[in-house]
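Here are a few exercises to work through with the model open in your viewer. Try each task before you read its solution.

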Amino acid sequence: RFVPSCNSSEASPQPSIHRTSLHSKETVTCLLSTGFDELMSCGRDGHLKTLRISRDSEGVGASIDILSSGRVLKGLDWLERIVVSDDDETVVIGFAKANFVVYSVTGNQELL
């Protein structure tokens, strides 16, 4: 574990994988691991993305590839959280203007 010190001359740790503009210029609000090499992300752009982390054959380099991307629901512009229930239902929580929304991606329906 790296704990920086104000007087430390040690370099800060660097990310091993870097991907810019994942949700355009908007903030990524949630990353959720869905498997060994897969992630889901959501952001303030209203999109839900499924990502795969790929390593080269030597295991040295890596990249993040977008497997799927789409807007969850028209007007739902700010996705805040991804939740996967015990029965594998994927739900996103966010805001459509000033309204709080809970939406089932699996069931393709608004829950709240």
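Two strands count as paired if DSSP finds at least two bridges between them. With that in hand, note that leucine 79 stands opposite glycine 94 in strand 6. One caution before we start: this is a predicted model.

**Exercise 1. Lay out the sheet**

Task: Work out the strand order of the open sheet of 4 strands, and say which strands stand at the edges.

Solution:
- Step 1. Read off the order: the open sheet of 4 strands runs 5-6-7-8, with antiparallel pairing.
- Step 2. Look at the ends. Strand 5 (78-84) and strand 8 (109-110) each have a single partner strand, so one side of each has no neighbour in the sheet. Those two are the edges.
- Step 3. Check the pairing of strand 5 with strand 6 (residues 90-96): the two are antiparallel, over 6 bridges.
- Step 4. Pick out residues on that pairing. Leucine 79 faces glycine 94, and isoleucine 82 stands opposite valine 92.
- Step 5. Go on to strand 6 and strand 7, which also pair in the antiparallel sense, over 6 bridges. Here isoleucine 93 has valine 102 in strand 7 as its bridge partner.
- Step 6. Ask how covered strand 6 is. Buried means under 20% relative accessible area, and 5 of the 7 residues in strand 6 are buried, so on that cut-off the strand is mostly covered.

**Exercise 2. Find the positive phi angles**

Task: Which residue takes a positive phi in the hairpin of strand 5 and strand 6, and which one does in the hairpin of strand 6 and strand 7?

Solution:
- Step 1. The hairpin of strand 5 and strand 6 has 5 residues between the strands, and aspartate 88 takes a positive phi near 65° there.
- Step 2. The hairpin of strand 6 and strand 7 has 2 residues between the strands, and the positive phi, near 55°, belongs to lysine 97.

**Exercise 3. Classify a ring pair**

Task: How many aromatic pairs are there, and is the pair of tryptophan 78 and phenylalanine 95 stacked or edge-to-face?

Solution:
- Step 1. The count comes to 2 aromatic pairs.
- Step 2. For tryptophan 78 and phenylalanine 95, the ring centres are 6.3 Å apart and the planes meet at 75°, so the pair is edge-to-face.
- Step 3. Place the partners. Tryptophan 78 lies in strand 5 and phenylalanine 95 in strand 6, so the pair ties together parts 17 residues apart in sequence.
- Step 4. Add the third ring: ring pairs link Trp78, Phe95 and Phe100 into a cluster. Phenylalanine 100 is found in strand 7 (residues 99-104).
- Step 5. Check the exposure of the three. Tryptophan 78 is partly exposed at 34% relative accessibility, phenylalanine 95 at 31% and phenylalanine 100 at 44%.
- Step 6. Now look at the surface. Trp78, Phe95, Phe100, Leu111 and Leu112 make a nonpolar patch of about 480 Å².

**Exercise 4. Trace the salt bridges**

Task: How many salt bridges does the structure hold, and which residues are linked in a network of them?

Solution:
- Step 1. Recall the principle: side chains of opposite charge can pair when their charged atoms come close.
- Step 2. The total is 3 salt bridges.
- Step 3. Start with arginine 52 and aspartate 37, whose side chains meet at 3.8 Å, N to O. The pair links distant parts of the chain, 15 residues apart: arginine 52 is in strand 3 (residues 47-55), while aspartate 37 is in the loop between strand 1 (28-33) and strand 2 (38-43).
- Step 4. Arginine 52 also meets glutamate 38 in a salt bridge of 2.9 Å, N to O. Glutamate 38 is in strand 2, 14 residues apart from arginine 52.
- Step 5. Join these up: Asp37, Glu38 and Arg52 form a network of salt bridges. Each is partly exposed, with arginine 52 at 31%, aspartate 37 at 29% and glutamate 38 at 23%.
- Step 6. Finish with aspartate 77 and arginine 71, whose salt bridge spans 3.1 Å, N to O. Aspartate 77 is partly exposed at 38%, and arginine 71 is partly exposed at 40%.

Methods:
Residues are numbered from 1 along each chain as its sequence is written. This is a predicted model: local features need pLDDT of at least 70, side-chain atom pairs count only at pLDDT 80 or more; totals for chains, interfaces and linings use all residues. Side-chain values use heavy atoms; hydrogens and water are left out. Patches are made of residues with over 30% relative accessible area and no salt bridge: like charges are joined within 9 Å, nonpolar side chains (Val, Leu, Ile, Met, Phe, Trp, Tyr) within 5 Å. Accessible areas come from the Shrake-Rupley method with a 1.4 Å probe; for residues, only the protein chains shown count as cover. A salt bridge is a side-chain nitrogen of Lys or Arg within 4 Å of a carboxyl oxygen of Asp or Glu. Buried means under 20% relative accessible area, exposed over 50%, partly exposed in between (1.4 Å probe, protein chains only). Rings of Phe, Tyr and Trp (its six-membered ring) pair if their centres lie within 6.5 Å; planes under 30 degrees apart count as stacked, over 60 as edge-to-face and the rest as tilted.
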